[in-house]
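Grab your viewer and work through these exercises with the coordinates loaded. Each one sets a task, then walks through a solution.

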Amino acid sequence: MVKKIALEEHFLCPGFEGYWQTTVGDVDPAIYRQVVARLSDFGELRLAAMDKAGITRSVLALAGPGVQAERDVATARRNAAAANDFLAQEISKRPERYSGFAHLAMQDPGAAADELERCMRKLKLSGAMINGHTNGQYLDHPSLYPFWERAEALGAAIYLHPADPVTPSHALDGHTGLRRATWEWGFETGSHALRLVFGGLFDRFPRAKLVLGHLGETLPYLLWRFDSRAKLYGVKLAKPPSRYIKENIVVTTSGMCSAEPLTCAIAALGSDHVMFAADYPFESSEEAAHFIDHVPLDEKVRNDICYNTAVTYFNLASE
């Protein structure tokens with residue numbers, strides 16, 4: 001069993017159940033209670049799952065959408081800070097096992113930038129997780145440039161996590177099995193990332209760092225086509241789109257226990273741009289670990305994906 005750092009591991013703090021419940025849908029009440037229990041636990045349940053999977057450290061993030069679904073900006077700011085303080089307190093109880101991502105009220109870009117800096121400098125968090133759009137505003141909006149400027153200056157990685165689209169796709173009408181995590185979230189999040197690329201955000205902030213789960217939300221599979229169509233449609237960027245995806249974006253294995261997309265991501269982006277994640281408790285940490293432990297890989301590459309790259313990229317303590 002290879003030593004691992006897991007990068008997309010979720011929690012809930014008191015008072016945030018209502019935000020998260022909007023993403024649940026028609027889940028069996030017994031399953032819902034079980035998931036809430038695991039999200040709310042920082043002790044026996046979570047640590048046992050980590051130990052079975054060989055996960056020495058989990059980087060924890062609030063289960064979305066959190067305050068990004070909040071309409072009142074002052075409430076969003078206040079609740080985001082409270083969530084970060086709560087997480088920092090839990091991490092302080094087991095600093096050798098837990099790190100964390102900040103939760104931010106993107107409704108107020110200046111306040112989000114200040115909170116990100118507070119979280120990284122004072123609370124010692126490892127970047128931020130942003131759950132898709134915020135009330136319909138995507139991260140390429142010019143009003144968010146001050147946030148990106150601060151994130152770049154801090155060297156903060158921004159983990160872009162899926163969220164429900166602003167308007168559900170009509171193409172999926174009548175097929176609820178394709179909604180959310182099956183297909184809808186991947187298209188939504190991949191499109192969000194491409195807005196940053198094609199909108200020139202990485203020209204403006206060349207040291208900005210973006211993280212995508214699910215082995216890149218299909219982007220590694222489409223690099224040639226992005227470059228080809230950008231030429232055809234006259235997209236004005238300093239570099240081909242694939243260069244930004246290779247240079248500014250890293251991906252994790254969350255929710256993807258399959259050799260073929262892993263092979264594609266490694267070939268397209270380089271093994272140093274791929275890291276391990278389990279997506280606990282929405283996926284099985286044990287299954288994710290068994291996959292990465294046994295999928296055919298050079299052992300140095302396996303250890304880098306599972307542990308070494310995360311230590312360097314997120315400036316984490318190494319055991």
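Two strands count as paired if DSSP finds at least two bridges between them. Keep in mind that this is a predicted model.

**Exercise 1.** Work out how β1 and β2 pair, and place them in their sheet.

*Solution.*
- Step 1: Count bridges. β1 and β2 are joined by six, in the parallel sense.
- Step 2: Pick out one pair in register. His10 has Ala61 of β2 as its bridge partner.
- Step 3: Zoom out to the sheet. It is open, has three strands in the order β1-β2-β3, and its pairing is parallel.
- Step 4: Find the edges. β1 and β3 each pair on one side only, which makes them the edge strands.
- Step 5: Check the twist, which averages 30° from one strand to the next.
- Step 6: Look for a helix on the sheet. α13 (residues 299-313) packs there and touches β1 and β2, with its direction at about 75° to that of β1.

**Exercise 2.** Sort out which residues of helix α3 (residues 44-53) are buried, and what covers them.

*Solution.*
- Step 1: Apply the cut-off: buried means under 20% relative accessible area, exposed over 50%.
- Step 2: List the buried residues of α3: Arg46, Leu47, Ala49, Met50 and Ala53.
- Step 3: Look down the helix axis. The buried residues of α3 fall within an arc of 160°, so they line one face of the helix.
- Step 4: Turn to the other side of α3, where Glu44 and Lys52 are exposed.
- Step 5: See what lies over the buried residues. The cover includes β1 (4-11), α2 (29-40), β2 (55-62), β3 (98-100) and α12 (285-294).
- Step 6: Step just past the end of α3, and you find Gly54 with a positive phi of about 75°.

**Exercise 3.** Describe the side chains of strand β6 (residues 209-212) and find the strands that β6 pairs with.

*Solution.*
- Step 1: Recall the general pattern. In a regular strand, side chains alternate between the two faces of the sheet.
- Step 2: Check it on β6. Lys209 and Val211 point one way, while Leu210 and Leu212 point the other way. Buried or exposed, these four residues? All are buried, Lys209 included.
- Step 3: Take one neighbour, β5 (residues 157-161). Four bridges join β5 to β6, and the two run parallel. Leu160 has Leu212 as its bridge partner in β6.
- Step 4: Take another neighbour, β7 (residues 249-252). Three bridges link β6 to β7, again with the strands running parallel. Here Val211 sits opposite Val250 of β7.

Terms used. Residues are numbered from 1 along each chain as its sequence is written. This is a predicted model: local features need pLDDT of at least 70, side-chain atom pairs count only at pLDDT 80 or more; totals for chains, interfaces and linings use all residues. Side-chain values use heavy atoms; hydrogens and water are left out. Buried means under 20% relative accessible area, exposed over 50%, partly exposed in between (1.4 Å probe, protein chains only). The arc is that of the directions from the helix axis to the C-beta atoms. Contact means heavy atoms within 4.5 Å. Axes are lines fitted to C-alpha atoms, for helices over the stretch in contact, and angles run from 0 to 180 degrees between N-to-C directions.
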